[in-house]
Structures are given as structure tokens and as C-alpha cells.
Amino acid sequence: MDHHETHHAPETPGHDAGHAGRDPHAGHDTHAGHSVAMFRDRFWLSLLLTIPVVLLSEDVAMLVGYTLPAFPGSELLPALLGTLVFLYGGLVFLRGGAGELRARQPGMMTLISLAIVVAFVTSWAGTLGLFDVVIWWELATLITIMLLGHWLEMRSIAQARGALADLLPDTAERVLADGSTEVVPVARLAVGDVVLVRPGGRLPADGTVAEGAADVDESLVTGESRPVPKAAGDAVVAGTVAAGGSLRVRVTAIGDETALSGIMRLVAAAQASASRAQALADRAAALLFYVALAAGTITLVVWWALGDPEGALVRTATVLVIACPHALGLAIPLVIAISTSLGARNGLLVKDRLALERAREVDTVIFDKTGTLTLGSPAVTDVAGATGTDERTVLRLAAAVEHDAEHPLARAIVRAAAERAVAVPGSSTFEALPGRGARAIVDGRSVTVGGPRLLEELGLDQVASSADWSAQGRTVLHVVADGRVLGAIALEDEIRPESAEAVARLHAMGVRVAMITGDAQAVAEAVARRLAIDEVAAQVLPGDKADAVRRFQAGGRRVAMVGDGVNDAPALATADVGIAIGAGTDVAVQSAGIVLVRSDPRDVVGAIELSRATYRKMLQNLAWATGYNLVAIPVAMGLFVPWGIDLPMAAGAVAMSLSTIIVAANAQLLRRVRLVQRPPATTGVLAPVA
């Protein structure tokens with residue numbers, strides 16, 4: 001009997017994901033260290049201070065048509081309140097601008113800082129009678145609107161990044177030695193503790209079921225829509241939900257060691273990793289700073305020369321505000337944050353952002369056969385008896401010989417007998433026959449189970465139907481007793497019930513499907529026919545899989561390799577996109593750019609769909625962010641004033657914030673993308689065993 005290729009479990013997560021904690025907005029976002037609550041609080045207080053500044057403005061009073069109240073100090077009140085708004089609300093922008101200048105990377109915060117400083121100095125000069133321009137209401141409104149835009153942006157980022165963190169409960173019910181329970185913070189749990197998870201409760205840590213049974217909803221961690229039955233001895237994962245029963249779970253991992261924490265580290269690392277689209281956006285944002293600075297300088301000089309110093313200062317500040325590369329800086333990172341979180345909630349873990357970007361270009365997907373397209377375990381498909389022997393007798397004797405054997409084919413025969421309710425007698429004097437089969441005494445007779453070499457050695461003919469089975473690539477074992485062949489058994493590796501659907505969906509997307517296997521050509525072609533696979537590379541040794549991938553890449557094809565992440569590591573690393581499948585909750589498969597939590601080949605379709613949807617959102621956001629500036633900057637410079645079109649500073653701030661909100665809202669639409677839908681699995685088909 002030929003032994004199957006064995007698959008090892010993926011390596012345990014290490015602590016080399018040290019960058020996972022980096023801010024995914026780092027490098028293009030200067031809010032690092034700022035919280036959603038901070039922007040919210042500054043916005044509301046600035047708004048309260050801005051309202052009287054606007055109401056006490058002469059420009060607004062003339063525009064609306066009311067008389068300003070006169071009381072002692074009324075002329076200084078807008079200046080005092082405007083200064084408070086500048087110092088309190090504008091401080092975050094001034095600090096951000098200073099940080100950008102220290103890093104010699106002037107950008108969004110620098111432009112905002114220049115705009116509000118120009119408006120602040122101009123307004124005080126006008127208040128003190130040194131100048132004719134007083135624009136306190138524009139300054140206060142500008143800062144308030146900017147704070148609103150940043151608050152909404154930061155809230156979007158936090159929602160995208162915090163989706164997984166919200167899966168853990170704050171407290172757990174720990175079971176004490178006397179059987180009672182106490183409620184403790186999750187942080188106080190220790191390995192070895194037993195926790196009670198009531199129906200509808202969320203598991204606080206990874207563990208093993210010690211007592212009880214329940215259906216566990218793992219959808220928020222793995223994306224699997226159907227609840228998974230759990231009973232004593234089964235492993236459970238933090239963040240999942242028990243339904244229909246309660247569980248007592250012995251904790252095996254807490255805190256950073258849980259599977260959920262590993263997933264969160266991967267998501268954070270992907271959000272912080274390099275991106276070609278982000279690099280393009282960063283370069284565009286840096287260029288936009290210098291364009292805005294030049295446009296602002298030209299605006300100031302030209303309008304001052306035309307005898308309109310007030311218009312020169314207001315329009316210069318408006319240009320600086322409206323040209324802020326805020327939307328451009330947000331266009332890519334928010335899409336990435338949402339897409340990686342969306343993927344993680346659907347069982348697609350993006351380790352390398354470049355891998356996700358490249359997945360949209362894939363035109364060929366190569367699957368490793370054993371354990372990927374197939375279950376990696378053989379099953380009995382046919383039993384045939386020779387003349388005078390019925391099928392149940394053949395299976396009964398074969399199961400008796402193989403009852404205590406550990407080989408996968410032996411276990412498949414024993415399992416088939418049990419499934420068909422065949423009574424299996426005892427056996428004795430078991431003897432393994434290397435390369436030929438196995439022998440034992442059953443019912444006082446010497447019974448041998450083996451392959452073609454056994455028949456050659458004994459000079460016996462095979463059962464008639466076995467020739468057809470062999471031609472179809474199946475593994476055929478014969479049962480021999482009393483010097484004659486009693487019958488034959490055909491076995492095949494069971495194809496995953498989802499594999500055919502995965503191949504069909506890839507074809508519908510215009511993607512060719514190939515398969516790499518170490519099996520014989522006949523076996524490989526049999527699987528390929530059943531699944532409608534386009535190309536096959538058979539009899540490929542594990543060490544030669546990378547070379548096989550290179551052959552598929554010939555001619556400029558973009559190739560994704562799907563394997564188990566350990567045996568297939570060189571091939572995964574060689575492919576344009578490496579996808580590790582069936583990693584379960586062990587997410588540290590080093591050779592893959594994308595890790596699929598489930599052993600479901602349909603998730604490969606989901607990964608490509610997510611890549612394409614993410615890329616579309618990136619392009620849409622970049623197009624809007626750059627196109628907005630191409631239109632808005634000339635308007636802010638006053639080029640259309642001769643035609644009666646002028647843009648007030650507050651309107652410029654609204655336009656800039658609105659562009660940012662539009663980009664953020666468009667990115668949020670990515671959440672509507674529906675990845676692979678999973679109808680209930682049908683009965684699997686069978687594939688030949690090597």
C-alpha cells in the first residue's frame with residue numbers, strides 16, 4: 001500500500017508581527033495619538049464658541065439683515081472668542097503642522113496651519129486697527145468645520161479597525177472549586193481556568209470544552225455561516241458565540257496568545273504594510289502641498305497688486321484650505337482598513353497588502369490537490385465480489401484484516417464497514433507486508449489484503465471490474481483467501497464538496513484553474529475531469545512545486561498558488577499571490593500573503609473578489625480626491641471672479657471637509673461587498689487516492 005503525502009500543521013504564531021501594532025494611518029496621517037473622542041470634544045466646544053462669533057460678524061449681519069447689539073466690549077468679543085477657537089480647536093492642526101515640518105514632510109496639517117495662522121494674524125491686525133480686514137467668523141467657522149471633518153474621518157478609521165476587537169467580552173464567569181461561579185474581567189483569566197459560557201454568550205478565551213454541548217457560531221471569526229457543534233474535548237475560539245446550550249470551557253490561551261489576537265495582529269500588519277496605491281497617493285499628496293503653496297503665493301501677490309488686500313488674504317487662506325490633501329491622504333488607508341477587516345470577518349486574512357492588490361490581476365489559480373481540493377483522506381467507493389462471494393463478505397474480511405492497522409487506506413475500509421453495518425469478526429497474527437499489503441487470520445483462514453504487486457507475487461488474476469477502476473485512477477485492493485481472489489475494493493480520495501463550485505466560479509470570473517499534485521498522471525487527470533480543471537501538473541515532487549509554478553508563470557501569466565502553507569511553502573512564495581488554505585485558527589503561515597481560515601476553496605474566489613472591489617474603491621477615491629482639487633483650486637484663487645463666481649473661506653472649508661466625507665462614505669460602501677455565499681454543502685464526490 002502506498003502511503004499518502006502527509007500534511008503538517010502550520011507553525012505556531014510567533015511574535016515577529018511586531019509591526020502589527022503600528023498605526024495603519026502612519027506615514028500619511030498626522031493624527032497619530034489623537035482619539036475620536038478628542039476630535040469630537042474639540043468640535044462641540046469650538047462650535048459653541050463659533051456661533052456667537054458668526055452672529056457678531058458685521059458681514060453676516062449685513063448679509064442676513066439684522067442690527068448688531070451694542071454693549072461694552074462687543075467689538076472685542078469676536079476677537080476673544082475667535083482666539084479661543086484658534087488656540088483650542090486649532091491647536092491640533094498647529095501641532096500636526098509643526099510635526100510635519102520637523103519631519104521635513106510638509107502636507108495636510110502644514111497647509112491647514114498656514115491658512116488659520118494667516119486668518120488669525122490678519123484678523124487681529126484688523127481688530128487693532130492696523131489693517132482693514134477682519135475675518136474672525138471665517139477663521140472660527142474654518143476650524144470648526146475642519147474639526148468636524150477630522151472627527152468623522154477618525155470615527156470611520158476606528159470603526160474599520162475595531163471590528164475584531166469588539167468580539168471579546170469584557171467579563172467572564174469563572175468556575176470555582178466548589179462549583180459556584182464568579183464574574184471576573186477577561187484580563188484576570190489564566191490558562192487552566194474553567195469558564196462558564198451560557199447560551200448566547202461569547203467565549204472570552206481560547207479553550208477546550210470540558211463539559212456541555214452547544215452549537216457555536218464562529219462566523220465573526222471565520223466567516224462560516226453555519227453553527228459548528230461542539231462537545232467535550234472540542235477546541236473553541238475566543239470571540240465565538242455559544243447557542244442552544246451552555247459550555248464549561250478550560251482556558252488554553254489568553255490575551256495575545258488567542259487565535260483572535262493573532263488575527264487582529266495580521267489585520268493590523270496588513271493595514272500598516274506597504275502598498276503601491278498608497279505610495280502613489282502619498283506622492284500625489286506631497287506634490288499637492290507644493291502646488292497649493294505656489295497657488296496661494298500667486299493668489300496673494302496678484303490680488304494684492306490688483307488693489308484688493310482683503311480679497312488677497314481671504315483667497316490665499318481659502319486656497320491653502322481647499323488644497324489640503326486630506327481626501328487624498330484618506331483615499332487609500334480607509335479602503336485598506338475596511339477591506340482587511342471585511343476579509344478577516346469572512347475568513348480571509350490578508351498578511352501582505354501587496355498580495356491583496358495583486359490578486360485582482362490573477363488569471364491562473366493553481367491548487368495543490370491533496371488537502372486542498374480533496375479532503376486528503378481516502379474513502380471506499382466500490383466493492384466487487386468474485387464468483388460465489390458477495391460484497392459484504394469481501395468488506396467484512398478486509399475490515400477484519402485492517403482493523404488494527406493505522407494506514408489511511410486501512411482506516412477507510414474499517415470506516416466503510418461500520419457505515420454499511422457490516423459485522424467485523426476478530427482477527428489474529430496480523431502481519432504487514434511492506435509494499436504489498438497486510439495479512440491476518442480471520443475465522444481460521446489466512447486472509448490477505450493488497451494491491452497489484454500482491455497478485456503478481458501470488459500469480460492470481462484480478463477481479464474483472466478492477467481493471468476499469470484502475471483505468472479511472474482509483475486505488476484497488478484485492479482480498480485473497482484460500483489461494484484465490486474473493487473480491488476487490490476501490491478507494492478514492494474524497495473531493496471537497498465545495499471544490500467543483502470554486503472551480504466553476506473562477507471560470508465565471510475569467511480565471512483558468514490548474515492543479516499540482518505528486519499523484520500519478522491518471523489519478524490527476526481523473527480529478528481534473530470531475531472538477532473541469534484546465535491544466536494539470538502530475539507526479540511533481542514537493543521540492544519541484546516551485547519550478548512547476550514558474551512554468552505556469554511563463555508567458556506573463558499572473559499566478560496564484562493555493563496550498564496548505566507548509567509543504568507548499570516554496571510554491572506559495574514563488575507565485576504572484578500565495579494563498580494558504582485550511583490554516584484554521586493558526587494564522588502564522590509565513591509563506592502566504594493571504595491566509596484562508598477555512599479549508600474551503602471557494603474562499604479563493606472571495607479573495608479575488610475582495611481584491612477587485614478594493615481596487616475599484618481605491619481608484620474611485622483617488623479620482624475624486626485629485627479631480628476635486630483640479631476644479632476647486634482655480635475657483636479658490638479667484639480666477640472666475642470676473643464672471644461673478646467667488647468662493648468664501650468658509651465655503652472652501654465646507655468643500656474640503658465635504659470631499660473628505662465623500663471619500664470616507666465611498667470607502668464605507670465597500671462593506672456592502674458580499675463575498676462567497678455558502679449554501680449547505682452537498683455530498684462530496686470522490687477523487688483517486690495516490
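Visitor: Which strand is the place of threonine 429?
Guide: Threonine 429 sits in strand E13, residues 427–433. Keep in mind that this is a predicted model.

Visitor: Why is threonine 429 called exposed?
Guide: Its relative accessible area is 59%. Exposed means over 50%. Threonine 429 has 59%, so it counts as exposed.

Visitor: What makes the phi of threonine 429 worth a look?
Guide: The phi of threonine 429 is near 50 degrees, a positive value in a residue other than glycine. Most residues other than glycine have a negative phi.

Visitor: Where is glutamine 539, another residue with a positive phi?
Guide: Glutamine 539 is in the loop between strand E19 (535–537) and helix H20 (545–553). Its phi is near 55 degrees.

Visitor: How do you know whether glutamine 539 is buried or exposed?
Guide: Glutamine 539 has 55% relative accessibility. The cut-off for exposed is over 50%. Glutamine 539 therefore counts as exposed.

Visitor: How many aromatic pairs are there in the whole structure?
Guide: A search finds five. One of them joins phenylalanine 120 and tryptophan 136.

Visitor: Why is the pair of phenylalanine 120 and tryptophan 136 called stacked, tilted or edge-to-face?
Guide: Check the distance, then the angle. The ring centres are 5.8 Å apart, and a pair needs centres within 6.5 Å. The planes are 80 degrees apart, and over 60 counts as edge-to-face. This pair is therefore edge-to-face.

Visitor: What does that pair tie together?
Guide: Phenylalanine 120 lies in helix H5 (residues 108–127), and tryptophan 136 lies in helix H6 (residues 136–161). The pair therefore ties together parts that are 16 residues apart in sequence.

Visitor: What makes the rings of tryptophan 124 and tryptophan 136 a pair, and of which kind?
Guide: Their centres are 5.5 Å apart, and the limit is within 6.5 Å. Their planes stand at 85 degrees, so the pair is edge-to-face. This pair also links distant parts of the chain: tryptophan 124 is in H5 and tryptophan 136 in H6, 12 residues apart.

Visitor: Which residues do the ring pairs link into a cluster?
Guide: The cluster holds Phe86, Phe120, Trp124 and Trp136.

Visitor: Why is tryptophan 136 called buried, and what is tryptophan 124 called?
Guide: Buried means under 20% relative accessible area. Tryptophan 136 has 3%, so it is buried. Tryptophan 124 has 24%. Between 20% and 50%, the term is partly exposed, so tryptophan 124 gets that name.

Visitor: How do you know that arginine 315 has its charged end over the ring of tryptophan 303?
Guide: The charged end is 3.9 Å from the ring centre. The distance limit is within 6 Å, and the direction must also be within 35 degrees of the ring normal. Arginine 42 lies over the face of tyrosine 88 too, at 4.8 Å from the ring centre.

Visitor: Which helix holds arginine 315 among its buried residues?
Guide: Helix H10 does. H10 is mostly covered, with 12 of its 14 residues buried.

Visitor: How do you know that the span of H10 agrees with what is expected?
Guide: H10 covers residues 309–322. At 1.5 Å a residue, its 14 residues should span 20 Å. Its end C-alpha atoms are 20 Å apart, so the two values agree.

Visitor: What about helix H1, residues 36–55?
Guide: H1 has 20 residues and reaches 29 Å from first C-alpha to last. That is close to the 28 Å expected. Its buried residues include Phe39, Arg42 and Phe43.

Visitor: How many cavities of 30 Å³ or more does the structure hold?
Guide: It holds one. The largest cavity has a volume of about 50 Å³.

Visitor: Which residues line the largest cavity?
Guide: The lining is Ile336, Arg353, Leu356, Glu357, Ser611, Thr614, Tyr615 and Met618. Helix H12 (353–359) and helix H22 (602–636) are the elements that give two or more residues. H22 gives the most, with four. The lining divides into four nonpolar, two polar and two charged residues.

Visitor: Why is glycine 606 of H22 called buried?
Guide: Its relative accessible area is 1%. Buried means under 20%, so glycine 606 qualifies. Its C-alpha is separated by 8.5 Å from that of glycine 343, 263 residues apart along the chain.

How values were computed:
Residues are numbered from 1 along each chain as its sequence is written. This is a predicted model: local features need pLDDT of at least 70, side-chain atom pairs count only at pLDDT 80 or more; totals for chains, interfaces and linings use all residues. Side-chain values use heavy atoms; hydrogens and water are left out. Rings of Phe, Tyr and Trp (its six-membered ring) pair if their centres lie within 6.5 Å; planes under 30 degrees apart count as stacked, over 60 as edge-to-face and the rest as tilted. Buried means under 20% relative accessible area, exposed over 50%, partly exposed in between (1.4 Å probe, protein chains only). The expected span of a helix is 1.5 Å times one less than its number of residues. On a 1 Å grid over the protein atoms alone, a cavity is a set of points where a 1.4 Å probe fits but cannot get out, and a pocket is an open set with protein on both sides within 12 Å along at least five of seven lines; lining residues have an atom within 4 Å of a point. Grid points are joined across faces, edges and corners, and a volume is the space filled by probe spheres set on the points. Ala, Val, Leu, Ile, Met, Phe, Trp, Tyr, Cys and Pro count as nonpolar, Asp, Glu, Lys and Arg as charged, and the others, Gly among them, as polar.
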